[in-house]
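The following exercises concern the packing of a protein interior, and each is followed by a worked solution. Please keep the sequence and the model in view while working through them.

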Amino acid sequence: MAGGGWQRVAIGAACAGALATLTACSGSSAADATTPSPAAAIAMMPNANPFTSALSFTNGLGTAKATVDSTTTVDGTTTDRRVTGTIVFDPGGYGMVTVSASGTTVQELGNTSNLFLRPDATSLWTKRPGAARSDASWLITPLTGLGDLADVVDEGPVGPAGPDGAATHQFSGTLAATPDRLRALGLTEADIAVVGDAWSDVPITVTAWVDPRNRIVQVDRAFSATGADGKPVSARTSTTLSGFAGGLDLSDPPPQSIGATLPSAGASSSSSS
């Protein structure tokens, strides 16, 4: 979707699950100010437990500012990444983010059609068409899969302060590991190959914190396994969320700001992030 206008993306529960222009459904602070209380949100969903109610409500906000810290260790080699920016709550991993890893920084803009990369705001973008996915695009899907969270334990009001300083409510549980969920922990295709079939026997542990406005404001995930050849593999992420329901322009950059176009890549491709 080149040219002007606002990028239209699927944002899950936001705007009743329709393809919607982000600013049209969630661009005002007034909407955020009228967020229902946890009790009110749960009342609207009588069949939901408190965690699934918070998950549905947070997904419905559409976007958030996110900070993701990821650490993976594969056979003794550790890789740290930090991703910051504004994201869409969608399994596709769309957003405008900055990725820091191994002493380098890359800016990424990902929408439903293309992925754009550049080293800084003054440089030209490199375009990778075909809705290619980078390593970072998997990391910015903190809510994906949480509807399948098992063995959920309500830990009570013991979590850290939320973005507005209010105390939070903590929940914990486990997720069955899948290749996509391991990618969302920062593991690459090569890392997952080291794990082999061992991932199917080890769950991902999840801890989430919900603020008094029924928003999930932090999600931590962790996984550890030993591959078939005895190589240890571990991964963990910590994602904090704030600035919910803000506008986000994910339209393609103007042609004059694109310096190169790479061949289209598959869904499992990795960028320099």
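**Exercise 1.** Which helices and strands each supply at least two residues of the lining of the largest cavity?

Solution. The model is a predicted one, and a search of the whole structure finds three cavities of 30 Å³ or more. The largest cavity holds about 60 Å³ of space, and its lining consists of Trp 138, Leu 139, Thr 141, Pro 142, Ala 184, Val 219, Arg 221, Thr 237 and Thr 239. Placing these residues on the secondary structure gives the answer: α5 (135–139), β12 (216–226) and β13 each contribute at least two lining residues.

**Exercise 2.** Determine which charged side chain lies over the face of Trp 138, and at what distance from the ring centre.

Solution. Begin with Trp 138, one of the residues that line the largest cavity. Arg 133 lies over the face of this ring, at 3.6 Å from the ring centre. A further step brings in Arg 183, whose charged end sits over the ring of Trp 138 at 5.4 Å from its centre; the cut-off for such a placement is 6 Å from the ring centre, together with 35 degrees from the ring normal.

**Exercise 3.** Classify the aromatic pair of Phe 51 and Phe 171 by its geometry, and then treat the pair of Phe 89 and Phe 244 in the manner of the preceding one.

Solution. The structure holds three aromatic pairs. In one of them, Phe 51 and Phe 171 are 5.6 Å apart from centre to centre with 50° between the planes, and the pair is therefore tilted, since planes under 30 degrees apart count as stacked and those over 60 as edge-to-face. This pair links distant parts of the chain, with Phe 51 in helix α4 (residues 50–60) and Phe 171 in strand β10 (residues 168–175), 120 residues apart. Both Phe 51 and Phe 171 are buried.

For Phe 89 and Phe 244, the ring centres are 6.4 Å apart and the planes meet at 40°, so this pair is tilted. Because Phe 89 lies in the loop between β4 (77–88) and β5 (95–101), and Phe 244 in the loop between β13 (232–242) and β14 (258–261), the pair ties together parts that are 155 residues apart in sequence. Phe 89 and Phe 244 are both buried.

**Exercise 4.** Which residues touch the most other members of the largest nonpolar core?

Solution. Of the 44 residues in that core, Ile 216 and Phe 223 touch the most other members. Leaving aside residues up to four places away in sequence, the contacts of Ile 216 include Phe 51 and Phe 244.

Methods
Residues are numbered from 1 along each chain as its sequence is written. This is a predicted model: local features need pLDDT of at least 70, side-chain atom pairs count only at pLDDT 80 or more; totals for chains, interfaces and linings use all residues. Side-chain values use heavy atoms; hydrogens and water are left out. A nonpolar core is a set of buried Ala, Val, Leu, Ile, Met, Phe, Trp, Tyr and Cys residues joined through side-chain atoms within 4.5 Å. Buried means under 20% relative accessible area, exposed over 50%, partly exposed in between (1.4 Å probe, protein chains only). Contact means heavy atoms within 4.5 Å. Rings of Phe, Tyr and Trp (its six-membered ring) pair if their centres lie within 6.5 Å; planes under 30 degrees apart count as stacked, over 60 as edge-to-face and the rest as tilted. Helices (H or I, at least four residues) and strands (E, at least two) are DSSP runs, numbered from the N terminus. On a 1 Å grid over the protein atoms alone, a cavity is a set of points where a 1.4 Å probe fits but cannot get out, and a pocket is an open set with protein on both sides within 12 Å along at least five of seven lines; lining residues have an atom within 4 Å of a point. Grid points are joined across faces, edges and corners, and a volume is the space filled by probe spheres set on the points.
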